[in-house]
Number of protein chains: 2
Amino acid sequence: MNIDYRNIELRSGFWKQMQKLNSETAINAVWDRFDESGRISAFRFDWDGNENKKPHVYWDSDVFKWMEGACRIMSKEERPDLEEKVNMLIDLIEKKRADDGYFNIYFSVCEPGKRFTDRNMHELYCAGHMMEAAAAHYYATGSDRFIKIAADYADCIEKVFVTEGIAEFETPGHQEIELALIKLYKITGEEHYLKLSEHFLKRRAVNSKDKPIDGNIYHAQDNRPVEEIDSAVGHAVRCLYMLCGMADCAVLTGNKKMFEACERTYKDIVNSKMYITGGVGATRFSEAFSMPYDLPNETAYAETCAAIGLMMFADRMCKYTRDARYADTVERAMYNGMCSGISLSGDAFFYENPLEINLGSHRRAAVKDGHVKLAITQRQKVFLCSCCPPNINRVIPVIGEYIYDVEGRTGYINQFADSVLKAGGIEITQKTDYPWDGKVTITAKGLDKLYIRIPSWCRHFSINKDYTVCSGYAVVEDNAEETVFEMEIKPILISSCNKVTQNACKAALMRGPLVYCAESVDNCENLYSLILTDTNEAEESYSEMFRGILIRLNGLKIPESDELYSEAKANYEKTKIRFIPYYGFANRGESNMLVWLNYKGGMPS
Amino acid sequence: MNIDYRNIELRSGFWKQMQKLNSETAINAVWDRFDESGRISAFRFDWDGNENKKPHVYWDSDVFKWMEGACRIMSKEERPDLEEKVNMLIDLIEKKRADDGYFNIYFSVCEPGKRFTDRNMHELYCAGHMMEAAAAHYYATGSDRFIKIAADYADCIEKVFVTEGIAEFETPGHQEIELALIKLYKITGEEHYLKLSEHFLKRRAVNSKDKPIDGNIYHAQDNRPVEEIDSAVGHAVRCLYMLCGMADCAVLTGNKKMFEACERTYKDIVNSKMYITGGVGATRFSEAFSMPYDLPNETAYAETCAAIGLMMFADRMCKYTRDARYADTVERAMYNGMCSGISLSGDAFFYENPLEINLGSHRRAAVKDGHVKLAITQRQKVFLCSCCPPNINRVIPVIGEYIYDVEGRTGYINQFADSVLKAGGIEITQKTDYPWDGKVTITAKGLDKLYIRIPSWCRHFSINKDYTVCSGYAVVEDNAEETVFEMEIKPILISSCNKVTQNACKAALMRGPLVYCAESVDNCENLYSLILTDTNEAEESYSEMFRGILIRLNGLKIPESDELYSEAKANYEKTKIRFIPYYGFANRGESNMLVWLNYKGGMPS
């Protein structure tokens with residue numbers, strides 16, 4: 001059975017609050033910024049030649065992602081305001097698109113006659129996001145108006161890239177259309193869209209027409225044919241969107257080699273290239289995956305879109321393999337690296353999600369010709385390159401799809417949230433205050449088996465009935481009565497593999513799936529003087545502002561010293577160290593922040 | 001009494017070995033590289049227009065520094081080979097210089113007619129180094145041939161910059177001539193050279209003609225008038241050479257404000273901007289001082305020339321104030337940040353002296369558009385910009401000047417080395433195996449008082465006779481019998497002020513004035529897995545190759561783990577950690593290297 005977010009209701013708790021924030025604030029905030037920046041009016045194709053207002057190559061995609069988010073909200077709520085905006089945009093697209101279905105603002109307005117000549121100009125990327133927006137519109141409204149426009153465009157692309165082969169490149173410089181075409185295929189049932197997706201995947205790195213972007217064969221994964229890859233390289237979002245397309249395509253076409261490539265590359269990511277937050281793409285240079293174990297905290301790029309990309313990819317892998325370990329990664333990214341991308345107020349965003357803020361470094365970086373460029377320290381209302389905010393807009397409404405899955409008469413609980421799934425006589429409910437509390441009370445109707453993920457962070461859990469364990473799931477067959485699944489959630493100090501040189505002798509605090517961080521505003525200015533010892537006597541308190549639990553640990557503090565160098569002494573002072581959930585950092589003005597703190601396990605605190 | 005290196009003989013030990021290495025190997029190696037690179041033949045003014053062989057603006061200064069080193073060696077040894085080369089160069093300079101005394105290869109050959117039009121073209125810097133080479137030649141040979149050439153050039157400069165004021169800038173873009181003119185003044189007794197030095201110092205940052213180099217007012221210290229400065233900013237070598245000139249000028253002209261500026265700026269350096277090795281200039285961007293406490297280890301620039309500049313400046317301050325703490329800084333820089341600039345074999349050099357080598361980072365940096373540029377990991381025979389090798393050539397022969405000073409009937413031992421000073425009836429001898437052994441047996445003739453520096457690293461010392469303590473010196477008045485000054489030298493772990501965020505919870509090993517480091521070749525690949533605990537049961541052994549003592553400490557090791565993130569545990573393994581003196585790192589092929597290791601003081605090892 002195909003279930004999707006429309007079958008699932010969030011009822012309360014973390015994700016319900018996030019959805020509320022998204023639909024009440026974020027979706028409007030992003031619209032306003034897009035309107036102000038000219039992204040909306042650009043759809044009128046009336047650029048006046050003013051270089052300062054020149055439509056950018058990725059503007060279409062920003063707005064398409066917003067439309068996708070708006071449609072998904074519309075499918076759950078009466079939102080005439082969003083509907084009007086979406087319809088206005090579809091009207092413009094319909095009016096302005098070329099006779100052959102082509103639609104691209106930049107190439108129609110700024111460089112007419114140059115369509116499909118430059119691989120790096122995000123043309124197919126924008127097209128993919130149109131298809132995704134159109135799919136969301138179709139699901140939200142039942143109307144086929146937008147999906148037909150998208151299909152026309154896909155036909156145009158197929159003609160140019162396959163039938164006639166007249167484009168000046170063969171594969172997208174920025175992947176996205178691969179997975180979008182599969183959505184189009186699923187809605188229309190037209191297999192040639194799947195074939196086109198497969199074509200774009202299989203032609204990568206094997207054709208002689210595509211010049212590597214910026215001369216870097218890794219940047220857009222031009223280094224190896226997709227069936228052979230075993231490591232995540234280059235631009236993280238491109239890589240992850242490609243992996244999503246590969247996973248879908250592999251399953252739909254029965255391509256075992258391609259699927260194994262997904263499995264290998266996934267392992268490479270989670271075993272050596274993923275931050276504890278689920279952030280990926282460690283370096284700002286090319287917004288790329290770095291070498292294994294190169295996970296610097298202060299210069300972490302960890303783009304919000306890349307965390308979302310990892311969620312999308314890992315969720316697919318979970319559903320295609322039924323292995324709960326993939327859903328652990330989804331959980332890691334969704335609570336941490338993705339949620340940190342939006343402010344608690346819902347109207348400001350991070351593109352980059354560092355794991356360390358040292359305001360001193362920012363002062364240094366401000367010196368001319370100074371230092372490495374660092375991430376901004378405060379979320380912003382808008383970016384020039386604004387892919388992340390609407391990516392949040394579009395992913396939060398469908399979070400239910402990450403929570404549940406159903407296959408025949410088997411149900412899967414991949415994530416925990418107070419929610420209900422209803423689809424074709426099947427009904428699964430979760431009553432829980434997860435992630436703050438580990439108790440999940442589950443009812444299931446119409447199922448033979450219920451698979452409940454046992455998170456890998458969870459050391460102790462209990463279930464009130466018989467179960468077996470399979471691929472990281474507790475499998476419950478007797479669903480007559482409610483199932484009480486109870487996970488022990490408590491603060492745990494985590495260390496990283498010592499190949500991550502930055503984190504040697506450091507530890508991070510987690511509580512359930514949530515990564516915590518220390519900010520100066522709650523502690524001292526110099527967070528590097530703090531030392532973690534253990535979580536004994538950890539104190540927890542609920543915060544309205546953070547919509548969650550804060551933690552206070554006993555720890556040590558290195559005394560201040562004026563001498564630059566002096567004899568080493570272990571004369572630490574006792575102190576309390578206060579933590580907030582990582583997703584909530586930088587919501588109280590500029591502050592130093594650390595995820596990884598000095599750790600002296602075995603020292604009395 | 002004016003004493004200089006000619007009054008002092010090194011007899012054995014560390015610095016005697018360094019002098020031997022310099023005169024037997026380094027001086028020839030640098031000549032050969034300069035000859036191959038065209039620097040020598042450039043003095044013939046016969047550049048053929050081939051852009052690849054175009055004389056660079058600083059080539060003159062490289063060769064002048066080599067000449068300075070060669071002359072200083074010649075003054076101690078029969079060296080017809082060096083004499084011939086020096087004379088050949090002086091012949092060429094005499095022949096090729098302009099009628100008005102001007103000599104500059106680049107502006108005579110590549111841009112004739114452009115002399116003194118571009119402040120950033122090292123013209124006055126090269127001129128300063130000619131004066132220093134000429135001064136060394138004068139002292140070495142007694143001939144006034146070269147010093148007259150230098151004086152003619154100084155006269156030309158005075159005319160252009162002061163009398164006529166027709167140069168297109170007022171002060172040097174790269175300081176050096178300031179201190180060189182003072183040497184010229186001391187030899188010729190002509191006060192206008194001192195005035196010209198003072199002019200260049202006092203016009204800095206107060207005239208409207210000088211554009212900041214690269215638009216950065218800090219780079220060449222154009223931010224504040226010299227009498228007002230209180231912090232070290234911009235290009236470290238420029239800053240330190242300027243401070244040398246300021247200190248000399250302040251004392252010679254009785255300028256108290258200028259001297260106080262030197263004192264303030266010195267404090268800023270040693271309290272917040274100096275590596276434990278005496279390296280300064282933390283950032284490669286502009287080869288500059290960074291913000292206070294910004295002392296990154298892996299990207300440390302710490303140019304060899306800057307360590308030499310710090311030695312030169314601190315030595316002046318020591319002699320002008322008679323405060324031994326300045327000589328501590330000289331000692332720190334001379335044994336560590338300066339000596340690391342030359343290979344144990346004497347024929348290869350470092351420009352940058354990092355405190356950490358992580359070969360993994362180098363592999364990452366090799367990825368296109370990759371990361372921060374890092375220092376090279378192996379000393380090289382030659383650099384394009386080759387200021388450091390001849391700077392070593394010229395400083396090692398005069399190391400005696402850093403050891404002793406005499407004022408009237410008072411003698412000063414600022415540094416320890418097996419050596420003898422003889423000057424005008426005064427004779428001071430040191431018999432010692434310092435820095436390997438802390439015992440120094442001293443005889444002094446013709447003195448009323450002998451000041452012996454008590455190093456600040458030294459916690460326990462003894463003297464076999466009565467003494468008083470004054471400004472960090474032990475003052476001995478009874479010099480009839482030999483004085484036995486005995487310092488306790490043993491391994492000590494040092495921590496840095498926790499404002500140095502990089503070094504929080506880390507420690508470095510020192511033994512006397514020497515900083516130590518751990519290399520992978522002696523330990524494990526992953527030096528970040530090692531933990532220092534204490535120096536109990538430290539084992540020492542003498543190494544011929546390193547010409548010094550190696551140390552082995554008990555320590556801990558974090559076990560290897562394949563899991564990227566796991567629960568933090570304090571399950572360390574016992575291990576031995578081997579250290580070599582920092583000056584000897586990177587002499588056995590490529591290796592990871594750390595000065596600052598994880599430190600868990602208070603943990604049982």
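# Exercises on a predicted two-chain model

Helix α1 of chain A, residues 14-36, has 23 residues, and 31 Å separate its first C-alpha from its last, close to the 33 Å expected at 1.5 Å a residue. The exercises below concern a predicted model.

## Exercise 1. The length and course of helix α1

Determine how the end-to-end distance of helix α1 of chain B agrees with its number of residues, and describe the course of the helix in both chains.

Solution.

1. Begin with the expected span. Helix α1 of chain B covers residues 14-36, and its 23 residues should span 33 Å at 1.5 Å a residue. The expected value is 1.5 Å times one less than the number of residues.
2. Compare this with the model. The end C-alpha atoms of α1(B) are 31 Å apart, which agrees with the expected span.
3. Examine the axis. α1(B) bends by about 45° at Asn22(B). In chain A, a kink of about 45° is centred on Asn22(A).
4. Look beyond the helix. Gly38(B), just after α1(B), takes a positive phi of about 90°. Gly38(A) follows α1(A) and has a positive phi near 90°.

## Exercise 2. The relation between the two chains

Identify the operation that superposes chain A on chain B, and state what it implies for the two copies.

Solution.

1. Find the operation. Chain A is superposed on chain B by a rotation of 180° with 0.0 Å of shift along the axis, at an RMSD of 0.0 Å.
2. Interpret it. The two copies are therefore related as by a two-fold rotation axis.
3. Check the contact surface. The same surface serves both copies, since 100% of the contact residues of chain A recur in chain B.

## Exercise 3. The interface between chains A and B

Describe the side of chain A that touches chain B, by its elements and by residue class.

Solution.

1. Count the residues. Contacts link 55 residues of chain A with 55 residues of chain B. The cut-off is a distance within 7 Å between C-beta atoms placed from the backbone.
2. Assign them to elements. In chain A, α10 (256-272), α13 (359-366), β13 (491-496), β19 (565-567) and β22 (597-599) each supply at least two residues of this side. β13(A) gives the most, with five residues.
3. Sort them by class. This side of chain A has 22 nonpolar, 21 polar and 12 charged residues.
4. Follow β13(A) across the interface. Three bridges join β13(A) to strand β19 of chain B (residues 565-567), and the two run antiparallel. Within β19(B), Tyr565(B) is the bridge partner of Ser496(A).

## Exercise 4. The domains of chain A

Where do the domain bounds of chain A fall, and which elements of domain 1 touch domain 3?

Solution.

1. Set the bounds. Chain A is divided into domain 1 (13-404), domain 2 (408-487) and domain 3 (491-599).
2. Locate the pair. The C-alpha centres of domain 1 and domain 3 of chain A lie 34 Å apart.
3. Count the contacts. In chain A, 23 residues of domain 1 are in contact with 25 residues of domain 3.
4. Name the elements. α12 (324-338) and β2 (356-357) of chain A each supply at least two residues of the domain 1 side. α12(A) gives the most, with four residues.
5. Sort by class. The domain 1 side divides into 10 nonpolar, nine polar and four charged residues.

## Exercise 5. Backbone exceptions

Which residues does a cis peptide bond join in chain A, and what is the phi of Gln221(A)?

Solution.

1. Recall the usual case. Most residues other than glycine have a negative phi, and most peptide bonds are trans.
2. Find the cis bonds. A cis peptide bond joins Tyr434(A) and Pro435(A), with omega about 5°. Another joins Tyr434(B) and Pro435(B), with omega about 5°.
3. Place them. Pro435(A) is in the loop between β6 (426-432) and β7 (439-445) of chain A. Pro435(B) is in the loop between β6 (426-432) and β7 (439-445) of chain B.
4. Turn to phi. Gln221(A), a residue other than glycine, has a positive phi near 55°. Gln221(A) is in the loop between α8 (191-202) and α9 (236-253) of chain A.

Definitions and conventions:
Residues are numbered from 1 along each chain as its sequence is written. Chains are lettered from A and ligands numbered from 1 in the order in which they are written. This is a predicted model: local features need pLDDT of at least 70, side-chain atom pairs count only at pLDDT 80 or more; totals for chains, interfaces and linings use all residues. The bend at a residue is the angle between axes fitted to the seven residues ending there and the seven starting there. Two residues are in contact if their C-beta atoms, placed from the backbone, lie within 7 Å. Ala, Val, Leu, Ile, Met, Phe, Trp, Tyr, Cys and Pro count as nonpolar, Asp, Glu, Lys and Arg as charged, and the others, Gly among them, as polar. Two strands pair if DSSP finds at least two bridges between them. Domain bounds come from an automatic or database domain assignment. Copies are superposed by least squares on the C-alpha atoms of residues with pLDDT of at least 70 in both.
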